[in-house]
Amino acid sequence: MTKRFFRTDRSGATALEFALCAPAFFMLVMGIVQGGLLVWMQLALQQGVEAAARCASINKTACASTSQIQAFASTASFGLTPPAASFTVTSPSCGNLVQASYTPTYLPSFPIPTRTLTAQACFPT
């Protein structure tokens, strides 16, 4: 009688199915969140270099030197913590070229390989 009871009892099936599926589901959700944050950081970095290249070409008082352009790019990169510090400014044939690279930090327990984001913008003088 005991063997028959356990064979027909289904009271823990839902809990067992959840325990088997939950880790994969939560990893998928966290991967989507981290991917969205990565895209957001790339857009913030691109915004910063575009604004700095435009400032270097148009506003000669606020962006007169390379250090001022780098500081402007750092403040225009909204939401990057710490602010992206590796900005370079050159003057090629296209005008003022601003390049940046940023290595984002992820959740400490999430297994994502580190990727360096890069952006560049050139604005004619």
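Which hand does the crossing of α2 and α3 have, left or right? The crossing is right-handed. The legends below describe a predicted model.

**View 1. The whole protein chain, with three helices and three strands.**
Along the sequence, the elements follow the order α-α-α-β-β-β. The protein chain has 125 residues, and 27% of them count as buried. Its accessible surface is about 8500 Å². Carbon and sulfur atoms supply 65% of that surface. Consider next the contacts with a separation of 6 or more: residues 24 or more positions apart account for 54% of them.

**View 2. The packing of helix α2 on α3.**
Helix α2 covers residues 13-58, and α3 covers residues 66-76. The two helices pack at an angle of about 145°. Their axes lie 7 Å apart. From α2, the contact draws on Ala44, Gln47, Gly48, Ala51, Ala52, Cys55 and Ala56. From α3, Ile69, Phe72, Ala73 and Ala76 take part. Sorted by class, the contact of α2 with α3 holds nine nonpolar and two polar residues. No charged residue belongs to this contact.

**View 3. Serine 77, in the loop between α3 and β1.**
The loop runs from α3 (66-76) to β1 (86-90). Is serine 77 buried or exposed? Serine 77 is buried, because its relative accessible area is 4%, and the cut-off for buried is under 20%. A polar atom of the serine 77 side chain sits 2.9 Å from the backbone oxygen of alanine 73. Alanine 73 is also one of the α3 residues in the contact with α2. Leaving out residues up to four places away in sequence, serine 77 touches Ala44, Leu45, Gly48 and Phe87. Among these, Ala44 and Gly48 are also α2 residues in the contact with α3.

**View 4. Phenylalanine 87, in strand β1.**
Phenylalanine 87 has a relative accessibility of 5%, so it counts as buried. Which residues does phenylalanine 87 contact, leaving aside its neighbours within four places in sequence? They are Val49, Gln70, Ala73, Ser74, Ser77, Val98, Gln99 and Ala100. Ser77 in this list is the buried loop residue of View 3. Ala73 also appears there, through the backbone oxygen that lies 2.9 Å from the side chain of serine 77. Serine 67 gives a further distance: its C-alpha is 9.4 Å from that of phenylalanine 87. In sequence, serine 67 and phenylalanine 87 are 20 residues apart.

Conventions:
Residues numbered from 1 in each chain as written. Predicted model: local features only at pLDDT ≥ 70, side-chain atom pairs only at ≥ 80, totals over all residues. Heavy atoms only, no water. Helix = DSSP H or I, 4+ residues; strand = E, 2+ residues; numbered from the N terminus. Buried < 20%, exposed > 50% of the residue type's maximum accessible area, 1.4 Å probe, protein only. Contact = heavy atoms within 4.5 Å. Areas by Shrake-Rupley, 256 points an atom, 1.4 Å probe, with all protein chains shown as cover. Polar contact = N/O pair within 3.5 Å; in protein donor to acceptor, adjacent residues only side chain to side chain. Axes fitted to C-alpha atoms, helices over the stretch in contact; angles between N-to-C directions. Left-handed = near helix turned anticlockwise from the far one by under 90°. Nonpolar A, V, L, I, M, F, W, Y, C, P; charged D, E, K, R; others polar.
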